[in-house]
Amino acid sequence: MSVLQVSLGLLFLGQLLLSSPSLAAPIIQELTIPVNMTAKPGQRIVVQVNVNISLVNTNENLALNKPTTQSSIFISAEGNSSISSKAVDGVTTLTIAGHDYCAITNQVANSWWAVDLGQESTIGRVRITSRQDGYPEQLTDFYIGLTNVSPWTTAPSAAPTGNALCKHNTVHPANGIPTAIFCEPNTAPGRYLYVYSTTANYLSICELEAYYN
Ligand SMILES: [Ca+2]
C-alpha cells in the first residue's frame, strides 16, 4: 500500500463517520518514520505501509452469549447446575436462588470462569453482577484477566499478572447490581477473558459484560 492509498483510506473513513453522526470520532495518530536512504541511479525508494482501520462499537457487550467454560460446576441439592453460560445469558436480576441464573464453581481455591470473545479484543471495562440472594464471599476477592491462550486447551493455573491483568478486585459488587470494573491502563488485548479466584470458596458470577471502554 502506498502513502497515497493510506491518505485515501483515512478520507473514506472520515466520510463514513460523517454519515454516521452517532459514532464517536476516531483517534488518529500521526506517525513519523525516519528513512535514512538515498536512491542511486537505477534505484527507487519503495514505501510499504500496512494500516488496519476498524470501527469499534463501544456499547457492545462482547461477552454476551459467547462460548464459556469454568473449572468446575456447582450442582445444588435440588439438582440445578450452575453452568458457565449462565454468566453471559443476559439475565442479571431474578428473585430466585443464585444457582438458577448464575455460573458457580465448586468450593475450592483456584477456581476460574472464562469466555471466548471470538477474536483478540481490547477490553477497558467489565460489568459484573453478583448473586442477588447474598453470599458476598463468593465474589469479592478475584482477578480478571485477558489471554490468547485458550482455557479449553490449557486451564488457567494462576491469577493473571502484568499486562494480562485487567483488575484485581477486592470489593464485593453489591448484591445483584451490575457493577463496573475498569481494567488497568496497560491491559493487553486478548481473545479469552477469565475470572480467577485464589480463595477457597465458591466463585459465582451471575452476569459478566465486557466492553471496549
Ligand atoms: Ca446470568
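**Exercise 1. Describe how β4 and β7 pair, then place them in their sheet.**

Let's take it in steps.

Step 1: Four bridges link β4 and β7, and the two pair in the antiparallel sense. Strands here are DSSP runs (E, at least two residues), numbered from the N terminus, and two strands pair if DSSP finds at least two bridges between them. This is a predicted model, in which local features need pLDDT of at least 70, side-chain atom pairs count only at pLDDT 80 or more, and totals for chains, interfaces and linings use all residues. Residues are numbered from 1 along each chain as its sequence is written.

Step 2: On its other partner, β4 (residues 125–129) is joined to β10 by five bridges, again antiparallel.

Step 3: Put together, the three strands make an open sheet ordered β7-β4-β10, with antiparallel pairing. Its edge strands, β7 (179–182) and β10 (207–211), each pair on one side only.

**Exercise 2. Which residues stand opposite R127?**

Step 1: Look towards β7, where A180 stands opposite R127.

Step 2: Now turn to β10, where E209 stands opposite R127. In β10 you will also find A210, opposite V126.

**Exercise 3. Is Y101 buried or exposed?**

Step 1: Find Y101 in the loop between β1 (68–70) and β2 (103–104).

Step 2: Apply the cut-offs: buried takes 20 or more other C-beta atoms within 10 Å of the residue's own, exposed 12 or fewer, and partly exposed lies in between, with C-beta atoms placed from the backbone.

Step 3: Y101 counts as buried because it has 23 C-beta neighbours inside 10 Å.
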